[in-house]
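Visitor: I would like to learn how to read a model of this kind, feature by feature. Could we take the general idea each time and then turn to the case at hand?

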Amino acid sequence: LLAVQDAPQKKHHRNITLAMSAEPPSTVSRNATVAMLLVFFFLIFIPLGVLGAAVDWPNNLSEGAEHNLPLLLKEEHSVFWGYFIYLIYSIFFYPVAHMMGCYVAGTEQVFSPWLHLGSGFAALSSVTRAIGLSRWLFAMPTLARLYVDTNTTEATKEAVVVSYDMLNAWGGGIGEILGVSSFAALWVVCTSVLFLQSQEWPS
């Protein structure tokens, strides 16, 4: 008789335990998404501060090679670390965007093509941003050393200036037009569609 009376209580306790164990994943997912968003938001202020103090970035981007190349060499360490952190920030966009998409999609749209399409655009955004930024970490310092070298001829300096302009046009087109603008905007569109189609969010 006692065993029969205890059975419903045990079943009730088991249901409570299962319910409690089912709660943390969604809570962790939400907390992790918010945490990554906060890190992503504040991370941009590091390169802004470092590069802004060193070379007056981003205002210096409107200047030519004659102004920027000697300045890049003079502030070489600050420029490297500033752009390196900016590179990390750009790559970090993908996991943040993917987690946001998964959180908006919820359990009902986990296999939605909009979720995977958005994640693909976020990945392309990070890759193209990284390609565009890499010119400041690897190519520009070499051009700067050639430009300020006293043994460099005027013809070589003119070639360095042309190379500087071409790298900026190429890297800026890939990183800013494709990465920051186009692919990121397409991710926003896909995530917005997920939000509008979801039944888990208030109308």
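Visitor: Is M36 buried or exposed?

Guide: We should keep in mind throughout that this is a predicted model. The general idea is a threshold on relative accessible area, and buried means under 20%. M36 has a relative accessible area of 18% and is therefore buried. This residue sits in helix α1, which spans residues 2–43.

Visitor: Which residues does M36 touch, once those up to four places away in sequence are not counted?

Guide: M36 touches F92, P95, V96 and M99. For one of these partners the separation can be given in two ways, since M36 and F92 are 56 residues apart in sequence, while their C-alpha atoms are 9.0 Å apart in space.

Visitor: What is the pLDDT over residues 1–8, and how many contacts beyond near neighbours in sequence does that stretch have?

Guide: The general idea is to begin with the whole chain, where the mean pLDDT is 86 and 85% of the residues reach 70 or more. Over residues 1–8, however, the pLDDT is below 50, and the stretch has 0 contacts in the model beyond near neighbours in sequence. Residues 10–28 give a similar reading, with a pLDDT below 50 and 0 contacts beyond near neighbours in sequence.

Visitor: How many helices and strands are there in the chain?

Guide: The chain has 6 helices and 0 strands, and along the sequence the pattern reads α-α-α-α-α-α. Two totals complete this overview: buried residues make up 35% of the 203 residues, and among contacts with a separation of 6 or more, 85% join residues 24 or more positions apart.

Visitor: At what angle do the axes of α4 and α5 cross?

Guide: The axes of α4 and α5 cross at roughly 175 degrees and come within 9 Å. The general idea is that an angle over 145 degrees counts as roughly antiparallel, so α4 is roughly antiparallel to α5. By class, the residues of this contact are 19 nonpolar, 6 polar and 3 charged.

Visitor: Which side chains meet in a salt bridge?

Guide: The structure holds 1 salt bridge, in which the side chains of E76 and R145 meet at 2.5 Å, N to O. The pair links distant parts of the chain, with E76 in helix α4 (residues 76–105) and R145 in helix α5 (residues 113–148), 69 residues apart. As for accessibility, E76 is partly exposed at a relative accessible area of 30%, and R145 also counts as partly exposed, at 40%.

Visitor: What angle do helix α3 and helix α6 pack at?

Guide: Helix α3 (residues 65–74) and helix α6 (residues 154–197) pack at about 90 degrees, with their axes 10 Å apart. Angles of 65 to 115 degrees count as roughly perpendicular, and α3 and α6 are therefore roughly perpendicular to each other. The residues that meet are A65, E66, N68 and L69 in α3, and V160, V161 and Y164 in α6. By class, this contact divides into 5 nonpolar, 1 polar and 1 charged.

Visitor: Turning to the backbone, which residues does a cis peptide bond join?

Guide: The cis peptide bond joins W57 and P58, with omega at about 5 degrees, and P58 is placed in the loop between α2 (45–55) and α3. That loop between α2 and α3 also holds D56, which has a positive phi of about 60 degrees although it is not a glycine. D56 counts as partly exposed, at 44% relative accessibility.

Visitor: Which residues does Y86 touch, leaving out those up to four places away in sequence?

Guide: Y86 touches I44, P47, W57 and L133, so W57, which takes part in the cis peptide bond, appears again here as a partner of Y86. Y86 is in helix α4 and counts as buried at 17% relative accessibility. The C-alpha atoms of Y86 and I44 are separated by 6.9 Å, although the two residues are 42 apart along the chain.

Visitor: And where is L48 placed?

Guide: L48 is in helix α2 and counts as partly exposed, at 34% relative accessibility. The C-alpha atoms of L48 and G82 are separated by 7.7 Å, and these residues are 34 apart along the chain.

Note on methods. Residues are numbered from 1 along each chain as its sequence is written. This is a predicted model: local features need pLDDT of at least 70, side-chain atom pairs count only at pLDDT 80 or more; totals for chains, interfaces and linings use all residues. Side-chain values use heavy atoms; hydrogens and water are left out. A salt bridge is a side-chain nitrogen of Lys or Arg within 4 Å of a carboxyl oxygen of Asp or Glu. Helices (H or I, at least four residues) and strands (E, at least two) are DSSP runs, numbered from the N terminus. Buried means under 20% relative accessible area, exposed over 50%, partly exposed in between (1.4 Å probe, protein chains only). Axes are lines fitted to C-alpha atoms, for helices over the stretch in contact, and angles run from 0 to 180 degrees between N-to-C directions. Angles under 35 degrees count as roughly parallel, over 145 as roughly antiparallel, 65 to 115 as roughly perpendicular and the rest as oblique. Ala, Val, Leu, Ile, Met, Phe, Trp, Tyr, Cys and Pro count as nonpolar, Asp, Glu, Lys and Arg as charged, and the others, Gly among them, as polar. pLDDT is the predictor's confidence in each residue, from 0 to 100. Contact means heavy atoms within 4.5 Å.
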